[in-house]
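Good morning, and thank you for coming. Please look at the structure as I bring it up, and keep one matter in mind: how two helices are placed against each other.

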Amino acid sequence: QRAGKAPAVAGPGRAQPASAPMRTQPLERPGWDWAALAGEDLPEILAIEEAAHPYPWSEAVFEDCLRAGYRLDGAFIRGELIGYSVVMTVLDEWHLLNLCVDPGHQRRGVGRFLLDRLLDSARAAAASCLLLEVRAGNRAAISLYESAGFADIGHRKAYYPARNGREDARVMRCQLS
């Protein structure tokens with residue numbers, strides 16, 4: 001359900017994310033759009049999730065996120081979903097639960113595009129910080145987060161499933177205020 005979403009269109013038939021800031025300059029990626037996602041986007045979300053992760057979230061997990069009112073936002077090129085984020089907000093803290101880019105579009109700035117839009121929205125909503133967990137071995141994601149101002153604040157032992165058991169997570173935070 002898109003209750004509370006602004007009616008402005010961000011892409012073909014897409015609602016602008018609820019807290020999207022007004023921009024005074026064009027996006028750095030002409031033809032790219034960022035928009036709120038809803039239940040009808042689940043087939044595309046699941047296709048990306050399954051292609052990108054050896055241990056993907058299930059459809060039920062995404063449905064639970066939508067039902068709970070979490071923010072699901074997507075990056076689009078010419079109307080095609082190429083990446084998404086899932087964020088839980090608690091008071092003035094935002095927790096990035098999932099940021100995923102279609103493998104065919106990785107290393108092209110899509111993750112940066114999503115993260116920048118998310119940080120802009122968090123700041124516009126007066127969030128104090130954005131938190132996340134990331135696989136300790138995911139160097140590309142860690143580099144992206146560090147370049148955006150995230151710093152380590154903790155460690156979760158055996159947090160993620162892995163081929164040989166479990167993998168640790170780094171807990172990171174970007175202080176916004």
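In this predicted model, helices H3 and H4 are oblique to each other, because their axes cross at roughly 40 degrees and oblique covers whatever is not under 35 degrees (roughly parallel), over 145 (roughly antiparallel) or 65 to 115 (roughly perpendicular). The axes, lines fitted to C-alpha atoms over the stretch in contact, with angles from 0 to 180 degrees between N-to-C directions, come within 11 Å. H3 spans residues 110–124 and H4 residues 139–147; helices are DSSP runs of H or I of at least four residues, strands runs of E of at least two, numbered from the N terminus.

Which residues meet there? Gly-111, Arg-112 and Leu-115 in H3 meet Leu-144, Tyr-145 and Ser-147 in H4, contact being heavy atoms within 4.5 Å.

Turning to the whole protein chain, there are 4 helices and 9 strands. Of its 177 residues, 42% count as buried, that is, under 20% relative accessible area with a 1.4 Å probe, protein chains only.

Finally, confidence: pLDDT runs from 0 to 100 for each residue. The chain's mean is 86, and 84% of its residues reach 70 or more, yet residues 1–27 stay under 50. Where pLDDT is low, the predicted coordinates should not be read in detail.

Local features here need pLDDT of at least 70 and side-chain atom pairs 80 or more, whereas totals for chains, interfaces and linings use all residues. Residues are numbered from 1 along each chain as its sequence is written, and side-chain values use heavy atoms, leaving out hydrogens and water.

Methods. pLDDT = per-residue confidence, 0-100. Buried < 20%, exposed > 50% of the residue type's maximum accessible area, 1.4 Å probe, protein only.
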